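Visitor: I would like to take a close look at one part of this model and at what surrounds it. Please take me through it slowly, in one connected account.

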Amino acid sequence: MLLDSVPACVDMQTTSDGFLDIEEFRLLTRALFRNDKGKIYTMEEEKFKDIFNVFDVNSNGLIDPNEFIFCWNHWIKIIVRPISAFLIVDVQNDFISGTLNISNCSAQQNGSEVIQPINRILETVNFDAVFYSLDWHPSNHISFIDNMSSRDLHPTSKVTSDNVQIYDTVIFNGNPPIRQRLWPRHCVQDTWGSELHKDLKVVENSLKVYKGTNPDVDSYSVFWDNKKMTDTTLCAQLRLKNATDIYICGLAYDVCVGATAVDALAIGYRTILLDDCSRGVDLKDIEKTKNTVTKNNGIIINSDQVKAMVEGRDRRPELGYKLAMELKTNRHERYNE
Ligand SMILES: [Zn+2]
């Protein structure tokens with residue numbers, strides 16, 4: 001009975017007794033993890049077994065009907081019908097043609113190139129929620145190189161006011177001492193530089209998230225400031241929407257986009273980074289960002305793949321694995337709910 005509600009994409013012919021052994025579960029995952037053209041994604045055997053073990057809660061080598069209900073409610077349902085949020089990070093004038101124009105950084109990338117693919121996504125994909133983050137600094141912000149003299153340096157800071165250069169990292173006095181990279185003055189609240197680029201489409205019912213508003217702590221991630229003292233409104237908004245998947249892109253790839261993706265994964269979201277909708281500062285750091293996201297079970301895709309994933313027609317095993325690993329950490333409480 002319980003298996004009647006399994007969608008057509010999951011072929012359950014072999015499960016008439018209501019118990020799934022590992023080979024039957026394999027068939028289920030092969031039906032589940034396919035792209036929109038029906039091509040089956042391969043999954044490493046090790047990871048497949050990890051997932052089976054998460055749902056075989058009593059470790060008897062079978063997923064019994066109660067365990068399957070848990071698997072169905074907390075895993076399959078989300079894979080087939082994810083709740084997706086789109087998070088567009090800091091597509092602001094200063095990063096594109098203003099004081100912190102990223103094309104002047106070592107990777108020499110052009111920030112305006114993200115606008116067209118982001119707009120195309122916004123025009124063609126129906127997200128459950130859309131967020132625009134804005135770097136939003138007060139004039140006396142700690143990250144501005146011209147404010148350096150207004151704070152005391154820690155004795156261990158190798159960079160001092162005599163030898164400081166833009167993009168250097170200094171250590172300010174504090175408890176604990178504060179490591180801070182120094183940037184040109186940028187994204188000052190209510191200035192042209194802090195506005196979203198005029199060509200970026202802003203959709204109805206979207207939300208803006210402001211970060212870096214505390215003068216004494218920088219904020220790369222859209223979730224938290226760099227010291228994790230306060231969170232932005234994003235966490236609460238995502239919970240309110242019951243979001244399961246977060247698509248992240250924007251500026252700069254290896255700074256705010258990367259930090260946001262790492263936090264999204266750490267909080268437990270299925271996280272998708274959009275490569276062709278992001279531009280960065282330093283090529284090596286962009287590479288590092290990609291590796292970190294992939295290592296933590298996030299994925300990196302291009303904008304033309306978003307729609308099928310949001311609609312649940314393209315279902316990636318990496319994201320299924322990520323979700324299963326999240327369930328594993330508090331499986332026993334949730335299983336008994
Ligand atoms: Zn900033």
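Visitor: In which loop does Ala 252 lie?

Guide: Ala 252 belongs to the loop between S6 and H7, and a close look at that place leads outward into the sheet, the helix and the core around them. The model is a predicted one, with a mean pLDDT of 92 over the chain and 93% of the residues at 70 or more. The exception to keep in mind is residues 1-6, where the pLDDT is below 50, although in the model this stretch has 8 contacts beyond near neighbours in sequence.

The peptide bond that joins Leu 251 and Ala 252 is cis, with omega at about -20 degrees. Another cis peptide bond, with omega about 0 degrees, joins Asn 175 and Pro 176, and Pro 176 is found in the loop between S3 and strand S4 (178-181).

On one side of the loop that holds Ala 252 is S6, and 7 of the 7 residues of this strand are buried, so S6 is largely enclosed by the rest of the structure. S6 is part of an open sheet of 6 strands in the order S5-S2-S1-S6-S7-S8, paired in parallel. The edges of the sheet are taken by strand S5 (207-211) and strand S8 (299-301), each with a single partner strand, so that one side of each has no neighbour in the sheet. From one strand to the next, the twist averages 25 degrees.

Following the sheet from S6 towards S1, one finds 6 bridges joining these two strands in the parallel sense, and Ile 88 has Cys 249 of S6 as its bridge partner. S1 (residues 84-89) is in turn paired with S2 (residues 129-135) in the parallel sense over 5 bridges, and there Phe 86 stands opposite Val 130 of S2.

Following the sheet from S6 towards S7, one again finds a parallel pair, joined by 6 bridges; Ile 246 has Thr 271 of S7 as its bridge partner, and Tyr 247 is matched in the same way with Ile 272. Of the 10 residues of S7, 8 are buried, so this strand too is largely enclosed by the rest of the structure. S7 and S8 are parallel partners over 3 bridges, with Leu 273 bridged to Ile 300 in S8, and the chain passes from S7 to S8 by way of helix H8 (residues 283-295) in a right-handed β-α-β crossover.

On the other side of the loop that holds Ala 252 is H7. S6, H7 and S7 together make a right-handed β-α-β unit. Helix H7 (residues 253-267) packs on the sheet, where it touches S1, strand S6 (245-251) and strand S7 (270-279), and the direction of the helix makes about 170 degrees with that of S6.

The same surroundings can be read through the nonpolar residues. In soluble globular proteins, nonpolar side chains tend to be buried together. The largest nonpolar core here has 59 residues, and those with the most contacts inside it are Leu 87, Ile 248 and Cys 249. H7 gives this core its largest share, 8 residues. Leaving aside residues up to four places away in sequence, Cys 249 touches Ile 88, Val 89, Val 114, Ile 118, Val 257, Leu 273, Leu 274, Cys 277 and Ser 278. Another core, of 21 residues, lies apart from the largest one and has Phe 33, Phe 48, Phe 52 and Phe 68 among its members.

Two further loop residues can be set beside this picture for their backbone angles. Asp 90, in the loop between S1 and helix H4 (93-96), has a positive phi of about 50 degrees although it is not a glycine, and with 29 C-beta neighbours inside 10 Å it counts as buried. Ser 59, in the loop between helix H2 (45-55) and helix H3 (65-80), also has a positive phi without being a glycine, near 55 degrees, but Ser 59 is exposed, with 7 other C-beta atoms within 10 Å.

Terms used:
Residues numbered from 1 in each chain as written. Predicted model: local features only at pLDDT ≥ 70, side-chain atom pairs only at ≥ 80, totals over all residues. pLDDT = per-residue confidence, 0-100. Contact = placed C-beta atoms within 7 Å. Pairing = 2+ DSSP bridges. Helix = DSSP H or I, 4+ residues; strand = E, 2+ residues; numbered from the N terminus. Axes fitted to C-alpha atoms, helices over the stretch in contact; angles between N-to-C directions. Core = buried A, V, L, I, M, F, W, Y, C linked by C-beta atoms within 7 Å. Buried ≥ 20, exposed ≤ 12 C-beta atoms within 10 Å, placed from the backbone. Right-handed = clockwise from strand over helix to strand, strands pointing away.
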